[in-house]
Amino acid sequence: MYERAVCDPGPMARLAVVMEGEETAGVVFQRVCEGETLREIAESWGVPRGRFTQWYTERHGGLYDAALKVRADDLAHESLGISDGGDDVPRDKLRV
């Protein structure tokens, strides 16, 4: 999303760019669906985690909730797959 330039404007300036980006909400949605946390996303963009999380959950709370539901559904199906076909029962119990 945001690439750090040679002249780094600082975390708050980077946050402003992220917040103004038209595609930011969708990018965050996609990354959360794929298993990243808001913390990991904020760290990868070099923005303050707390302020980024507050902005995203307040401004795009419905989208965030939907992304978490998608992620939970993926994890549930993954767990079912592990529990259905393993030969190593103790290991599979731990994985599920």
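## C33 and its contacts

Let's start with C33 in this predicted model. Setting aside neighbours up to four places away in sequence, C33 is in contact with A67, V70, R71 and D74. C33 itself is found in helix α2. Is C33 buried or exposed? With a relative accessible area of 12%, C33 is buried, because buried means under 20%.

Sequence distance and distance in space are two separate things to look at here. E20 is 13 residues away from C33 along the chain, and the C-alpha atoms of these two are separated by 22 Å.

## How α2 sits against α5

C33 is also part of a helix-to-helix contact. The axes of α2 and α5 come within 8 Å, crossing at roughly 20 degrees. That angle makes α2 roughly parallel to α5. As for handedness, the crossing of α2 and α5 is right-handed.

Which residues make this contact? On the α2 side you'll find A25, F29, V32 and C33. On the α5 side there are L63, Y64, A66, A67, L68, V70, R71 and D74. Sorted by class, the contact of α2 with α5 has ten nonpolar residues, two charged ones and no polar ones.

## R31, also in α2

Now move to R31, which has its place in helix α2. R31 is buried, with a relative accessible area of 17%. If you skip residues up to four places away in sequence, R31 touches E36, I41, S44 and W45.

How far apart are the C-alpha atoms of R31 and R71? They are separated by 10.0 Å, while the two residues are 40 places apart along the chain.

## Two crossings with α4

Helix α4 meets α2 at quite an angle: their axes come within 12 Å and cross at roughly 100 degrees. α2 and α4 are therefore roughly perpendicular to each other. From α2, the contact uses T24, A25, V28 and F29, and from α4 it uses F52, W55 and Y56. By class, the contact of α2 with α4 has six nonpolar residues, one polar residue and no charged ones.

What about α4 and α5? Their axes come within 5 Å and cross at roughly 95 degrees. So α4 and α5 are roughly perpendicular to each other, too. Here Y56, T57, E58 and R59 in α4 meet G61, L63 and Y64 in α5. The residues of the contact of α4 with α5 divide into three nonpolar, two polar and two charged.

## A closer look at W55

W55 lies in helix α4 and takes part in the contact with α2. At 9% relative accessibility, W55 counts as buried. Which residues does W55 touch, once neighbours within four places in sequence are left aside? They are V18, M19, T24 and H60.

W55 also makes a handy example of chain distance versus space. L15 is 40 residues away from W55 along the chain, and their C-alpha atoms are separated by 9.8 Å.

## The nonpolar core

Finally, let's look at the largest nonpolar core, which has 16 residues. Which members touch the most other members? They are V28, V32, L38, W45, V47, F52 and Y56. The elements giving two or more residues to this core are α1 (11-20), α2 (24-33), α3 (38-45), α4 (49-59) and α5 (61-85).

Take F52 as an example. Not counting residues up to four places away in sequence, F52 touches L15, V18, V28, L38, I41, A42, W45 and V47. Some names here should already be familiar: V28 and F52 both appear in the contact of α2 with α4, and V32 is part of the contact of α2 with α5. W45 came up earlier as well, as one of the residues that R31 touches.

Key:
Residues are numbered from 1 along each chain as its sequence is written. This is a predicted model: local features need pLDDT of at least 70, side-chain atom pairs count only at pLDDT 80 or more; totals for chains, interfaces and linings use all residues. Side-chain values use heavy atoms; hydrogens and water are left out. A nonpolar core is a set of buried Ala, Val, Leu, Ile, Met, Phe, Trp, Tyr and Cys residues joined through side-chain atoms within 4.5 Å. Buried means under 20% relative accessible area, exposed over 50%, partly exposed in between (1.4 Å probe, protein chains only). Helices (H or I, at least four residues) and strands (E, at least two) are DSSP runs, numbered from the N terminus. Contact means heavy atoms within 4.5 Å. Axes are lines fitted to C-alpha atoms, for helices over the stretch in contact, and angles run from 0 to 180 degrees between N-to-C directions. Angles under 35 degrees count as roughly parallel, over 145 as roughly antiparallel, 65 to 115 as roughly perpendicular and the rest as oblique. A crossing is left-handed if the near helix is turned anticlockwise from the far one by less than a right angle, and right-handed if clockwise. Ala, Val, Leu, Ile, Met, Phe, Trp, Tyr, Cys and Pro count as nonpolar, Asp, Glu, Lys and Arg as charged, and the others, Gly among them, as polar.
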